[in-house]
Amino acid sequence: QVQLLESGGELVQTGGSLRLSCTFSGHTFSSYAIGWFRQAPGKEREFVAAISRSGDKTYYEEDVKGRFTISRDNAKNTAYLQMNSLQLEDTAGYYCAAQASSRVSDRPDYWGRGTQVTVSS
């Protein structure tokens, strides 16, 4: 059974940076595309970024382009989301997702439980 465990979320000031990690277990990590999604209070979950199985392709939601970077280390079974220039609107629960495909869709096969990112002024 695939399990995803997010970490790295915390309280940070506007303009600050955080790196989220997603640790994968239960199957072959390199067989899964990985995505990050977020959900703010009262809002629907939304796509943030995704990375292909080999890491050669990345995709970003428009509002985070140039600020967030998704990456993965297949030797460590871990994916990352580097978040820079954080804004108040980035406050949300951040969720890692995995899909046994070349790219994560809006209905991934597996979800993590999330890690909270709070940006304060």
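1. Burial of Phe-24 and Phe-29. In this predicted model, Phe-24 and Phe-29 are both buried. Their ring centres lie 5.1 Å apart and their planes meet at 50 degrees, so the pair is classed as tilted. The two residues also belong to a wider group, in which ring pairs link Phe-24, Phe-29, Tyr-32 and Tyr-110 into a cluster. The count of aromatic pairs in the model comes to 5.

2. The pair of Phe-37 and Trp-111. These two residues form an aromatic pair of the edge-to-face kind, with 4.9 Å from centre to centre and 65 degrees between the planes. Phe-37 belongs to strand 4 (residues 33-39) and Trp-111 to strand 10, so the contact ties together parts that are 74 residues apart in sequence. The partners may be set side by side for accessibility: Phe-37 is buried, at a relative accessible area of 5%, whereas Trp-111 counts as partly exposed, at 33%. The latter value lies above the 20% under which a residue is called buried.

3. The open sheet. Four strands make up an open sheet in the order 1-3-8-7, with antiparallel pairing. Strand 1 (3-7) and strand 7 (68-73) are the edge strands; each has a single partner strand, so one side of each is left without a neighbour in the sheet. On average, and with direction ignored, neighbouring strands of this sheet are turned by 15 degrees against each other.

4. Pairing of strand 3 within that sheet. Strand 3 (residues 18-25) pairs with strand 1 in the antiparallel sense over 5 bridges. Among the bridge partners, Glu-6 is matched with Cys-22 of strand 3, and Leu-4 with Phe-24 of strand 3. Phe-24 thus appears again here, as a bridge partner in addition to its place in the aromatic cluster. Strand 3 is also joined to strand 8 (residues 78-83) by 6 bridges, and these two strands run antiparallel. Leu-18 stands opposite Met-83 of strand 8.

5. Leu-5 at the edge. Leu-5 has its place in strand 1. The residue is exposed, with a relative accessible area of 58%. The C-alpha atoms of Leu-5 and Cys-22 are 5.4 Å apart in space, although the two residues are 17 apart in sequence. Cys-22 is the residue already named as the bridge partner of Glu-6.

6. Strand 11 and its neighbours. In a regular strand the side chains alternate between the two faces of the sheet. Strand 11 (residues 115-120) shows this alternation: Thr-115, Val-117 and Val-119 point to one face and are buried, while Gln-116, Thr-118 and Ser-120 point to the other face and are not buried. Strand 11 takes part in pairings of both senses. Strand 2 (residues 11-13) runs parallel to strand 11 and is joined to it by 3 bridges, with Ser-120 as the bridge partner of Gln-13. Strand 9 (residues 92-99) runs antiparallel to strand 11 and is likewise joined to it by 3 bridges; here Gln-116 is the bridge partner of Gly-93.

7. The largest pocket. Which residues lie closest to the centre of the largest pocket? Of its 14 lining residues, these are Arg-38, Ala-40, Lys-43, Glu-46 and Glu-89. The pocket has a volume of about 190 Å³. By class, its lining holds 9 charged, 3 polar and 2 nonpolar residues.

8. The second largest pocket. This pocket has a volume of about 150 Å³. Its lining consists of Gln-1, Val-2, Gln-3, Leu-4, Leu-5, Tyr-110, Trp-111, Gly-112 and Arg-113. Strand 1 and strand 10 (110-111) are the elements that contribute two or more residues to this lining, and strand 1 supplies the largest share, 3 residues. By class, the lining divides into 5 nonpolar, 3 polar and 1 charged. Several residues discussed above recur at this site: the lining includes Leu-5 and Trp-111, of which Leu-5 is exposed and Trp-111 partly exposed. Tyr-110, a member of the aromatic cluster, is also one of the lining residues.

Notes:
Residues are numbered from 1 along each chain as its sequence is written. This is a predicted model: local features need pLDDT of at least 70, side-chain atom pairs count only at pLDDT 80 or more; totals for chains, interfaces and linings use all residues. Side-chain values use heavy atoms; hydrogens and water are left out. Two strands pair if DSSP finds at least two bridges between them. Axes are lines fitted to C-alpha atoms, for helices over the stretch in contact, and angles run from 0 to 180 degrees between N-to-C directions. On a 1 Å grid over the protein atoms alone, a cavity is a set of points where a 1.4 Å probe fits but cannot get out, and a pocket is an open set with protein on both sides within 12 Å along at least five of seven lines; lining residues have an atom within 4 Å of a point. Grid points are joined across faces, edges and corners, and a volume is the space filled by probe spheres set on the points. Ala, Val, Leu, Ile, Met, Phe, Trp, Tyr, Cys and Pro count as nonpolar, Asp, Glu, Lys and Arg as charged, and the others, Gly among them, as polar. Rings of Phe, Tyr and Trp (its six-membered ring) pair if their centres lie within 6.5 Å; planes under 30 degrees apart count as stacked, over 60 as edge-to-face and the rest as tilted. Buried means under 20% relative accessible area, exposed over 50%, partly exposed in between (1.4 Å probe, protein chains only).
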